[in-house]
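Morning, everyone. I have one structure to walk through today. Please have the sequence and the model open side by side.

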Amino acid sequence: MKKLYILLLIIPHFLHATGGYDNGSPVGDGKLELDFTLNPGNVIEYGQSYITWNYGLTDTLAFHGYVSHEARDSTNQIYYGLKYTFFQNDSWDLSTALGFRHREDETHIYAPQLLYTYKLPNDYDIGGSILDVYDITDAENLGITYDIALRVPFTLSLLQPYIESSKLAFGAFRNASGKLYPTYSIDIKF
């Protein structure tokens, strides 16, 4: 556990942490997956602190979303929606989703969305999303975002009786404005 705390303190100094987002794998009926990205004390000027959730309503349908805090302008936002996994095999999980983001005085809709996971040996995977962001408030399409991350399994021995899996995700995020940021998150499935 001590190593995890040290990792959480060190990683933000090397990355412009904007937060991991989501992937195409279903979480499973009645299961909860939480993803954490920390930017303690807003150390990284363009970083964000995130908590992303997925709660399985069925084996293929989940309530998902995130809350985040942006360091640059201290903006808080929340996104919530439904995610449906429409394809699964030994190599791929593909999902789609529909949801709403509230940021400052604006409401955005994320649609359409494609969330994906490519499964690698030993429980590693590559996952992310492609989504269109539409500003409902100003009736304007803001553009498409892209997110990709390599997820590496690791063990949280102290929490092992309570969790199904844990992974570190390292990736990249391109926002609707076209800016590219490195990302990381700690992903835990209960």
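Helices here are DSSP runs of H or I with at least four residues, strands are runs of E with at least two, and both are numbered from the N terminus. On that basis, the protein chain has one helix and ten strands. One caution before we go on: this is a predicted model.

Start with the order of elements. Along the sequence, the pattern reads α-β-β-β-β-β-β-β-β-β-β. The chain has 190 residues, and buried residues make up 45% of them.

Now the strand pairing. Take S1, residues 32-37. S1 pairs with S2 in the antiparallel sense, over six bridges. Find Phe36 there; Ile51 in S2 stands opposite. S1 is also joined to S10, again antiparallel, by four bridges. Glu33 has Lys189 in S10 as its bridge partner. So much for S1.

Move to the C-terminal strands. S8 covers residues 140-153, and S9 covers residues 165-174. They run antiparallel, with eight bridges between them. Ile148 faces Ala172 of S9 across that pairing. S9 then pairs with S10, residues 180-189. That pairing is antiparallel too, and it has ten bridges. Leu168 stands opposite Ile186 in S10.

What sits between S9 and S10? The two form a hairpin with five residues between the strands. Gly178, in that hairpin, takes a positive phi near 95°.

Stay on S9 for one more residue. Ser166 is found in that strand. Is Ser166 buried or exposed? Its relative accessible area is 4%, under the 20% limit, so Ser166 counts as buried. Ser166 and Phe190 are 24 residues apart along the chain, yet their C-alpha atoms are separated by 9.0 Å.

Next, the interior. A general point first: in soluble globular proteins, nonpolar side chains tend to be buried together. Here, the largest nonpolar core has eight residues. They are Tyr50, Tyr66, Tyr79, Ala97, Tyr110, Leu115, Leu131 and Val133. Which strands each supply at least two residues of this core? Strand S6, 106-119, and strand S7, 125-135, each do. Apart from that core lies another one, of five residues. Leu156, Ile163, Leu168 and Ile188 are among them. Leu168 has come up before, opposite Ile186 in S10.

Now look at the tyrosines of the eight-residue core. Tyr50, Tyr66, Tyr79 and Tyr110 form one aromatic cluster. How many aromatic pairs does the model have? With ring centres within 6.5 Å as the rule, the count comes to six. Here are two of them.

Pair one is Tyr66 with Tyr79. The rings are 5.6 Å apart, centre to centre, with 20° between the planes. Why call it stacked? Because planes under 30 degrees apart count as stacked. Tyr66 lies in strand S3 and Tyr79 in strand S4, so the pair ties together parts 13 residues apart in sequence. Both Tyr66 and Tyr79 are buried.

Pair two is Tyr80 with Phe100. This one is tilted: 6.4 Å centre to centre, 40° between the planes. Tyr80 is in strand S4 and Phe100 is in strand S5, residues 92-103, so this pair ties together parts 20 residues apart in sequence. What about cover? Tyr80 is at 31% relative accessibility, so it counts as partly exposed. Phe100 is partly exposed as well, with a relative accessible area of 30%.

So Tyr79 is buried, whereas its sequence neighbour Tyr80 is partly exposed. As background, in a regular strand the side chains alternate between the two faces of the sheet.

That brings us to the surface. Tyr80 and Phe100 both belong to a nonpolar patch. The other members are Ile51, Tyr55, Leu57, Phe63, Val67, Ile78, Leu82, Tyr134 and Ile136. Together the patch has about 850 Å² of accessible area. Strand S2, 48-56, strand S3, 61-70, and strand S4, 76-88, are the elements that give two or more residues to it. Which strand gives the most? S4 does, with three residues. Leu82 lies in S4. At 42% relative accessibility, Leu82 counts as partly exposed.

One residue links back to the start. Ile51 is in the patch, and Ile51 is also the residue opposite Phe36.

That's the tour. Thanks.

Notes. Residues numbered from 1 in each chain as written. Predicted model: local features only at pLDDT ≥ 70, side-chain atom pairs only at ≥ 80, totals over all residues. Heavy atoms only, no water. Pairing = 2+ DSSP bridges. Patch = residues over 30% accessible without salt bridge, like charges linked within 9 Å, V, L, I, M, F, W, Y side chains within 5 Å. Areas by Shrake-Rupley, 256 points an atom, 1.4 Å probe, with all protein chains shown as cover. Salt bridge = Lys/Arg side-chain N within 4 Å of Asp/Glu carboxyl O. Buried < 20%, exposed > 50% of the residue type's maximum accessible area, 1.4 Å probe, protein only. Phe/Tyr/Trp six-rings, centres within 6.5 Å; stacked < 30°, edge-to-face > 60°. Core = buried A, V, L, I, M, F, W, Y, C linked by side-chain atoms within 4.5 Å.
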